[in-house]
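Welcome! Take a moment to look over the sequence and turn the structure around before reading on.

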Amino acid sequence: MKKRAIIIKNRKAHIFIICEIAQAHSGSFSVAKKLIKSASIAGADAIKFQIVYPDELLVTNHDSYGLFSKTAFTDAQWRELFHLSRSVGLKIFADVFGKKSLALLSKNNIDGFKIHSTEIKNSSLIKQIAAQKKLILLSTSGSTLKEIQKALSILRQGKNEVVLLHGFQGYPTSVEDTNLRKIIALQKKFHMPTGFADHISGGSAYKNDICLMALAIGCSVLEKHMTLDRKKKGYDYYSSLNPDEFNQFVERVRAMESALGSVSLSMTAPEKIYRISSKKHVVASRDLCSGHIIAEDDIVMKRTKEKYPFQEPESIIGKKSLIPIIKDSVIKSRNITR
């Protein structure tokens, strides 16, 4: 199985795609394993889990306490899921909601952590995550600038590589509430890698397009939910793609990322070919005799079949022709005085 590399900082023409399964397994161990295998087949770089011990996340009378209790796995099950993820070539990321989940993840040496926006004010937990020296996805949505800055100040003490992740779950998030320009604001403010966690409806006509726009504005990481069957309307189905749709999503991203090219003003080989075929040369507008002082109306610019280096008209005007030059011939520097 091909091993996925984590290349975030330099974003070398590879967008890091994370398949988020959250609670889509609905507490079914067999479903969780199917989701992992589907993510690998689809070509995701990583799988992301939510390691939830209900007492770390919620008070007992919270409406969702029962849900998270039903969907929780044992530590042994988590270890088996991590092992399966690695065996199919996936990197492992996880949300951390407390010391117990962090201890489990640290013991199993996962590849990276996500600090959910619910934990952005939890300085003690952030310090412990920073000490792991792993790649960290810092969710910024629903957070103030001051909160983001404080969390980053803690993470920087640990010299961690951090990606600022934009995107929130609106069950689902509408297209107009996605606010992709906030990613640009984060880039300008912090000069750090950014990512996008997409939460628009999995059934939307734009289910791939929003991520492609995020790619175009410089995101290094894309996070997308997956479920086995959205029609069943299980946990976290709102923003999830079915496996075949996730495969199409990855294919679209891979096709479009090739269009990004490099951050350089140099020309590619095909662009150089285009230049040769499309740029105009300086040619004689009429037959010119030897010894003629070339005036502005003696030249015109036209496309030719010549592969001669392109010249500036100003470098030719006022020069004397050394040989007769017939109409429509390229005026070459060796045939005029210097």
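This short report goes through the domains and then two residues in their surroundings.

## Two domains

A good thing to know at the start is that this is a predicted model. The domain assignment splits the chain into domain 1, covering 16-260, and domain 2, covering 269-335. If you want a sense of how these two are placed, the centres of domain 1 and domain 2, taken over C-alpha atoms, are 60 Å apart.

## Asp 45 and its partner

Let us now visit Asp 45, which sits in the loop that links helix H1 (29-42) to strand S2 (46-51). Asp 45 has a relative accessible area of 4%, so it counts as buried, the cut-off being under 20%. A polar atom of the Asp 45 side chain lies 2.8 Å from the backbone nitrogen of Ile 17.

You can also use Asp 45 as a starting point for a longer look across the model: Lys 189 is 144 residues from Asp 45 in sequence, and their C-alpha atoms are 28 Å apart in space.

## Asn 242 and its surroundings

Our other stop is Asn 242, found in the loop between strand S9 (240-241) and helix H10 (243-257). With a relative accessible area of 15%, Asn 242 is buried too.

Which residues does Asn 242 touch, leaving aside its neighbours within four places in sequence? They are Met 226, Thr 227, Leu 228, Asp 229 and Arg 230. With Arg 230 there is a polar contact to look for: the side chain of Asn 242 reaches the backbone nitrogen of Arg 230 at 2.7 Å.

Notes: Residues numbered from 1 in each chain as written. Predicted model: local features only at pLDDT ≥ 70, side-chain atom pairs only at ≥ 80, totals over all residues. Heavy atoms only, no water. Domains from an automatic or database assignment. Helix = DSSP H or I, 4+ residues; strand = E, 2+ residues; numbered from the N terminus. Buried < 20%, exposed > 50% of the residue type's maximum accessible area, 1.4 Å probe, protein only. Polar contact = N/O pair within 3.5 Å; in protein donor to acceptor, adjacent residues only side chain to side chain. Contact = heavy atoms within 4.5 Å.
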